[in-house]
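Student: I've got a model open and a pile of labels to go with it. Could we go through how each one is earned?

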Amino acid sequence: MPKTAFEPSIKSRPIYGTLEPRPGKSHLMIADAEGAEAILDLAKSTPKGMFDHTHIIYIPKKTGETFTGRLRELNPAQCYVGPSYEAALPRLRRVLNDAHMGLQVYLSGSEGLMGQAMLEATNAGIPHSAIQTEHRGSTARRMQCVHCKGITEDVTTDPFQCAHCGLHLFVRDHYSRRIAAFQGVRVDAEEPGNVPEPVERFK
Amino acid sequence: MSAGTDKIAVTVTNVVPVNELVTRFRFARTDGGLMPTFSGGAHTVVEMKDGATMRLNPYSLMSDPADRTAYTISVRRDDQGRGGSLFMHRNVKPGLEMVISNPVNLFPLDLRAKKHLMIAGGIGITPFIAQIKQLAASNGNFELHYSVRTASLASYADELSTAHPTRVHIYHDDKKQVIDLENLLDGQPLGTHLYVCGPKGMIKWVRGTAEGLGWPREAVHDEEFLAPPSGKPFEVKLAVSNKVIQVGEHQSLLEAIEAAGVDAPYLCRGGACGQCETDVIGYDGKFLHNDHWLTEEQHASGKKIMPCVSRFEGKTLVLDR
Amino acid sequence: MTINFRDETFRDDFTFRNSPEAIKRFPFPFHEDSYMYSVNMEPHKSYRPGSVYERTFDVDEHYVSEMKDRAKVLAEDPLRCQSLPHMTLAGWDLLELIMVSKAEEYPDLFELHRDGNKWHWINKPLGIDQKFVFLDEATLPYGPMEYITRQTQGDFAVLDQRDDNLWMDAGMVTTQADWSLDFDIGMNFFEWHAPVPKAHEMGIFVRALKFLLNVRQGAPARRLNWTMTVNPLLDTSPENYHKWGVMKQDLTMENMGEKMHLRVELQTFFRLPRSNALVFPIRCYLIKLGELVTEPKWGRRLHRVLRDLPEELATYKGFISNRPKIVEWLSKYDDGKPTSPGIWPD
């Protein structure tokens, strides 16, 4: 699956690039599902020996074993394949806690994964603009309900129903790095009950 | 509105030679009031009435930012310069009344930093002295690596080493002591911010080494005030105020504009802040751009000039002032 | 000077109103009969005694009731006031700026006694008497920004300056025009303004940012902004949109003068000395259309401005559905006569 092309949007909406090797003595790559392909593509142009100093954290989701073998063949210094982002989080925090300036972070895959991993890396002290990203795979969105603050993962329709408070929310492009989510606002606030038919906007 | 407004009338209360090249000046408010607090890294612009010439030079504040009784600066004598530092050394005595600007900070600490790593060369130590006082008062985590020519020219090295023996490291050129920069940068924890103030070569070396080691641009900060270079005199037409002015050999374009009574904005007077950016209406000749502000494309475009440090050689130059 | 602080509400029974004196000093935002975005900055200097521009932080007859409303909003939702860890110093800067200004400019209402870092603050309208140690958070009941902004009208965005940008890293936001501090905290200048239509394309934010980055200590700036609100709601937050959005339906030609409000923000900008941060107070003034048209010039002008406003702006400002009714109601106060330049009543 190639790199995703997005429609032009507002200034708070993240823009994703193409991963490229950067100088640094250690490298941390975090990907989910089809995000593995971005790492495999990156590996075509990495300087010799870079993977000797690379730690890969990979969450295959529904791609299963599709990419795990090829990732391991890159011979990274460490390669973790885990069942979920939540399961990988203690490991990620441990890695960042001990890392030194110059660590290069590469994120690829879904917006939810990249957003949450970026939050960990920025909390550890890496400026967000120094973290590379490349979108691959699902365009489903991680949404925050502005009313109850609950997060609904993998939203594909607009409007959608908040998984926490049950309000019907429309999907904004306004994005918060600190929450790693887009903003959902009640669609029928001015005319309660007048909820438009949900349309599938994200896959 | 000129950025030089909101000035402070001060009296020089102390002039202390620090060593062969550096002299320290202390300014208190002439009206007896308190100085504004400031943030470590800030500078003030000192106005010098040197005969018919008005010079305005920026100097980093080195006093404790929380001490509101006075400001202190240190000035290194530059015998080849345009005369600002010589004026300070020769003409400024205790009791002299002067005018300085409110503090402006173009070299602030990033208060998110988990650690502040400071690299100073020579007189570049001055902003760090104020920053260290600020950080020491708030239990901040800092480390200073200070490179000097000789022990006798090491301004404030003894005071800093005594106050912070484990955090301050001094390197003497004459003893062939060099900052082991690559090793130093390599071991720093995530969230460290790097600051460098010193000669142009040092800033380039530190920036280049950090970049090569993968340090993010946003975590590296530098400050270099350019002294306006001297050059051939030239003539400029100011279109808005409808004046033709002459820029002297040892005068900057900005100074010449001000001398003609035309209000022009500025903050740093050293090519860094962007405040004095001026549109060029027409020209026939060659620009001598010396600023850090405009992009290379803007330099090449012939549409912009930073009059604080840049000059012109040629037949005509018309500015939107 | 005495201010008769009104006992009034900005919710439920909505007893808020302006006295005739408050109407006279209302910061009407339109200097001509049409409106478009601009970087309408000017120095925040004292002028026109009695006007909202006279003092650094204006205190008016709504002060005590506005502070009660803020306390209620915070009790319901503490996320309206947040400060990222590196912004505490800026909070102290803000506390100092407000306490010093208010004590100097309203000596009969506020007192500040300083002995080194031992400070004693007296706020008579709110009945507060607080001794504390400046720069020691443990000596105040809240963080410094929260402490002082619970006692100061208007919202406060405290902006860190780095990488040639401004970052919204702290704030007290309970009287906002439909934006969420909890969502926007940590964003840069372009990001938190992202939802504003048209202005990005016009280069407004690039110019505004350039101006703001260069706001200097001792030289604050100000500008006005505006929107329309049904009912005198201070809290028109996105968090509570599902509670106040429905009120837009209640508007009729009969209750227009009472229910429809022009909402004006007096935005000021101060460089903070110790932190080098920028504080952006956003003071909200409300006026009922029925109060506003008692100044004939304002009635005529508001009619023309709202009638001719581009559709995107009326949508963004949230009154597109009610615009026809508002314009029709205001048309009764527009006899077509020319208006004098400037914002002040004739």
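Student: What share of the contacts in chain C comes from residues 24 or more positions apart?
Tutor: It's 70%, taken over the contacts in chain C with a separation of 6 or more. A contact here needs C-beta atoms within 7 Å. Bear in mind that this is a predicted model.

Student: How do you know what confidence the predictor has in chain C?
Tutor: pLDDT runs from 0 to 100, and the mean for chain C is 94. On top of that, 100% of its residues reach 70 or more. For the model, the scores are ipTM 0.92 and pTM 0.91.

Student: Why does the radius of gyration of chain C agree with a compact globule?
Tutor: Put 346 residues into the globule rule, 2.2 Å times the number of residues to the power 0.38, and you'd get a value near 20 Å; chain C has 20 Å, so the two agree. Along its principal axes, the C-alpha trace of chain C spans about 60 × 45 × 40 Å.

Student: What makes a residue of chain C count as buried, and what percentage are?
Tutor: The test is 20 or more other C-beta atoms within 10 Å of its own. In chain C, 42% of the 346 residues are buried. As for secondary structure, chain C has 13 helices and 10 strands.

Student: Over to chain B. Which strands stand at the edges of the sheet β13-β12-β16-β14-β15, and why?
Tutor: Those five strands of chain B form an open sheet with mixed pairing. β13 (243–247) and β15 (304–305) of chain B each have a single partner strand, so one side of each has no neighbour in the sheet, and that puts them at the edges.

Student: How do you know that β12 and β16 of chain B pair?
Tutor: Pairing takes at least two bridges, and two bridges join β12 (residues 234–238) to β16 (residues 311–319) in chain B, with the strands running parallel. As an example, B:L238 has B:L319 as its bridge partner in β16(B).

Student: Which domains does the assignment give chain B?
Tutor: Domain 1 (7–101), domain 2 (115–223) and domain 3 (234–319). The C-alpha centres of domain 1 and domain 2 of chain B are 24 Å apart. Their contact takes 16 residues from domain 1 and 12 residues from domain 2 of chain B.

Student: And how many residues of chain B are in contact with chain A?
Tutor: 16 residues of chain B, against 17 residues of chain A. The chain B side divides into seven nonpolar, six polar and three charged residues.

Methods:
Residues are numbered from 1 along each chain as its sequence is written. Chains are lettered from A and ligands numbered from 1 in the order in which they are written. This is a predicted model: local features need pLDDT of at least 70, side-chain atom pairs count only at pLDDT 80 or more; totals for chains, interfaces and linings use all residues. Domain bounds come from an automatic or database domain assignment. Two residues are in contact if their C-beta atoms, placed from the backbone, lie within 7 Å. Ala, Val, Leu, Ile, Met, Phe, Trp, Tyr, Cys and Pro count as nonpolar, Asp, Glu, Lys and Arg as charged, and the others, Gly among them, as polar. Helices (H or I, at least four residues) and strands (E, at least two) are DSSP runs, numbered from the N terminus. A residue is buried if 20 or more other C-beta atoms lie within 10 Å of its own, exposed if 12 or fewer, and partly exposed in between; C-beta atoms are placed from the backbone.
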